[in-house]
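Thanks for coming, everyone. Please look at the screen, and I will walk you through this one.

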Amino acid sequence: MICYAILLASYTTLVSSTTSPTILRIRTVDGSVLRVPLPNDDPTSTLSSILTSVGVANNDDDDYTPLKCQVGLPGRSDCSTTLDISKSGTDGQKTAQELGLKHGSMITILPPPIDKSTQDVSSNTNNNNNNDRFDPFPDIAKSTSYSSASKRARALARGSRSMNYGDISKVRSTMHTVEPQSKGSLLRVYVCSVAAARFQNHCIVNNTPTSKKKSSSKRKKEQQSQVENRIALLFGTINKERVNQGPKKARTSLSSSVEDKMCEVGKVHAIWEPPLQKGNDKLYDDDCLLSAYLTSDTDSSKKKKKETPTERAIRVATYLGLQPIGWIFSYTDEDRHTDDALPVHGRDAIIGAKLQIETMKRLGRETGSKFVTLALDGRVGACEAFQLSDVCVQMVAEDVLPSPSTLDGETSTRYMTLKDPVVISGEETKKLDSVLLLVNMAMLSHVGLYSGGTNAPVTGNVKRGSGALLIKTRKRLLAAINDGGDNSKVFKELCDFDILLALDGMIGSTESEKLCMLVRKYARGQKKGTVLDKHLKLVLSSALGG
């Protein structure tokens with residue numbers, strides 16, 4: 001009997017020594033459950049020490065939303081008490097015995113509380129921004145920015161060791177994937193050679209000083225002229241034509257009418273330069289075009305403002321059957337002509353994207369996406385044509401790329417630092433090469449319908465600064481109007497967009513629309529039967545001072 005008692009006591013001691021320690025479960029904010037042994041299996045261990053052993057603690061002294069927890073699963077009747085486990089709180093010093101923790105008990109970490117007023121304001125702001133934002137390409141648009149998504153993920157991950165794969169995947173899905181785009185919406189563009197030469201001529205400023213002694217040296221004359229970078233809007237049409245412009249193939253009665261592949265091309269018929277530009281030898285004045293072009297979409301309930309020169313140019317272009325199909329800018333940078341040079345840099349791409357977005361608002365997504373960017377060397381007149389990739393335009397709409405004003409002071413903006421990272425070749429980066437934002441396209445030359453023709457003066461028929469008619473232009477128009485025998489002389493002079501725009505401000509919109517309709521018919525080949533009536537002749541003569 002005594003031996004049996006001794007054996008029973010030894011077995012009890014052995015069992016107690018091999019009993020497993022007390023295991024507690026900790027449910028984090030993201031839903032994962034961590035299993036942690038009670039420190040030293042001591043019931044007097046504090047709640048703070050239990051959470052610290054697995055790296056769950058509120059270590060941010062400046063945090064205004066401290067972590068809180070509950071014992072048990074939230075929503076149950078036995079889990080009504082909320083414990084403050086911040087450094088300033090006292091609940092973290094409560095022991096496991098006081099909290100009734102035993103083997104298998106669960107501690108639930110609660111998500112940080114969000115101020116309702118702040119939540120309402122931020123949600124309303126985000127909703128308003130999303131509602132007001134125009135997505136030019138909804139298929140690749142992101143509903144939220146990377147910054148907002150990462151902040152939210154970090155906030156939800158508080159109380160756990162790190163973000164899980166699901167959180168990381170959601171954050172990564174808010175990044176844009178930037179890769180080369182092989183084709184654009186247009187296959188090629190026809191640029192008016194007369195208007196382009198005039199634009200390049202306006203970039204050259206003669207800075208000859210007014211002195212008594214005039215130098216006859218050719219070298220000094222070249223030094224007295226300097227290039228002033230300018231910007232302009234392209235007005236034209238979108239047409240369809242055969243992809244292969246070679247000789248037409250012989251057709252038979254069995255030939256199909258759809259054998260020839262068709263493509264869309266842009267034809268520039270006029271180049272309009274905004275007045276009062278303040279460009280220099282380094283940068284063009286983009287604000288003179290953006291400020292008027294981008295603010296045109298105003299609320300109809302607001303008081304109607306005075307028509308800007310840009311709005312007036314678009315209105316006259318509409319009379320002529322034209323629409324904005326692109327823009328052109330000049331540059332003088334030497335580094336844009338090296339072996340790996342690029343004529344369109346990041347700042348240029350951002351401005352072009354802003355103009356394209358506004359054009360898509362005006363004309364619709366499909367028509368407005370046919371937008372061209374022309375880069376012209378102001379010194380020699382060499383010009384290249386590009387289109388902007390879809391992801392470039394969408395990123396500008398979402399404010400991922402920096403604003404143009406922040407890039408004005410930099411010597412070169414080919415490589416940009418983005419606000420949010422993007423994915424390039426499978427890697428996340430904030431450094432972006434502008435070449436990935438461009439789409440190559442072919443450029444051909446032609447004479448635009450409203451360029452004034454090949455006999456037009458290369459310096460133009462209006463003043464470069466204000467757009468008013470030159471005195472010699474007035475005299476030519478008056479002489480053609482007074483020659484009542486032939487109306488073709490008048491229409492040849494009027495087939496100039498700058499002249500029609502200047503006359504629009506002199507004769508009013510009603511007479512201007514009638515005049516533009518007649519000029520449009522004449523320019524498109526309907527020369528017979530297109531005459532100026534007595535009323536229009538009288539109005540033009542009065543406006544021109546005849």
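Let's start with one residue: is Cys69 buried or exposed? Cys69 is buried, because its relative accessibility is 0% and the cut-off for buried is under 20%. Keep in mind that this is a predicted model.

Another cysteine next. Cys288 also counts as buried, at a relative accessible area of 17%. What about disulfides? A disulfide is a covalent bond between the sulfur atoms of two cysteines. The search covered the whole structure and found 0 of them.

Now the overall picture. The protein chain has 546 residues, and 43% of them are buried. There are 18 helices and 17 strands. The chain exposes about 30500 Å², with carbon and sulfur atoms supplying 51% of that. Take the contacts between residues at least 6 apart in sequence: 72% of these join residues at least 24 apart.

On to a sheet. Strands of a sheet pair through backbone hydrogen bonds, either parallel or antiparallel. Here we have an open sheet of 5 strands, ordered 2-1-5-3-4, with mixed pairing. Which strands stand at the edges? Strand 2, residues 33-37, and strand 4, residues 83-84. Each has a single partner strand, so one side of each has no neighbour in the sheet.

Look at the strand 2 edge. Strand 1, residues 23-27, runs antiparallel to strand 2, and 5 bridges join them. In one of these, Ile26 partners Leu34 of strand 2. Side chains alternate along strand 2. Leu34 and Val36 point to one face and are buried. Val33, Arg35 and Pro37 point to the other face and are not buried.

Now the strand 4 edge. Strand 3, residues 68-71, is antiparallel to strand 4, with 2 bridges between them. Lys68 has Asp84 in strand 4 as its bridge partner.

Last topic: the aromatics. The structure holds 6 aromatic pairs. Why is the pair of Phe491 and Tyr522 stacked? The ring centres are 5.1 Å apart and the planes are at 20 degrees, and planes under 30 degrees apart count as stacked. The two residues are 31 apart in the chain, with Phe491 in helix 15 and Tyr522 in helix 17. Phe491 is buried at 0% relative accessibility, and Tyr522 is buried at 7%.

There is also an aromatic cluster, formed by Tyr284, Trp327, Phe329 and Tyr331. Arg347 has its charged end over the ring of Tyr284, 4.8 Å from the centre. Elsewhere, Lys267 lies over the face of Tyr190, 5.4 Å from the ring centre.

That's my tour. Thank you.

How values were computed:
Residues are numbered from 1 along each chain as its sequence is written. This is a predicted model: local features need pLDDT of at least 70, side-chain atom pairs count only at pLDDT 80 or more; totals for chains, interfaces and linings use all residues. Side-chain values use heavy atoms; hydrogens and water are left out. Two strands pair if DSSP finds at least two bridges between them. Helices (H or I, at least four residues) and strands (E, at least two) are DSSP runs, numbered from the N terminus. Buried means under 20% relative accessible area, exposed over 50%, partly exposed in between (1.4 Å probe, protein chains only). Contact means heavy atoms within 4.5 Å. Accessible areas come from the Shrake-Rupley method with a 1.4 Å probe; for residues, only the protein chains shown count as cover. A disulfide is a pair of cysteine sulfur atoms within 2.5 Å. Rings of Phe, Tyr and Trp (its six-membered ring) pair if their centres lie within 6.5 Å; planes under 30 degrees apart count as stacked, over 60 as edge-to-face and the rest as tilted. A charge sits over a ring if NZ of Lys or CZ of Arg is within 6 Å of the ring centre and within 35 degrees of the ring normal.
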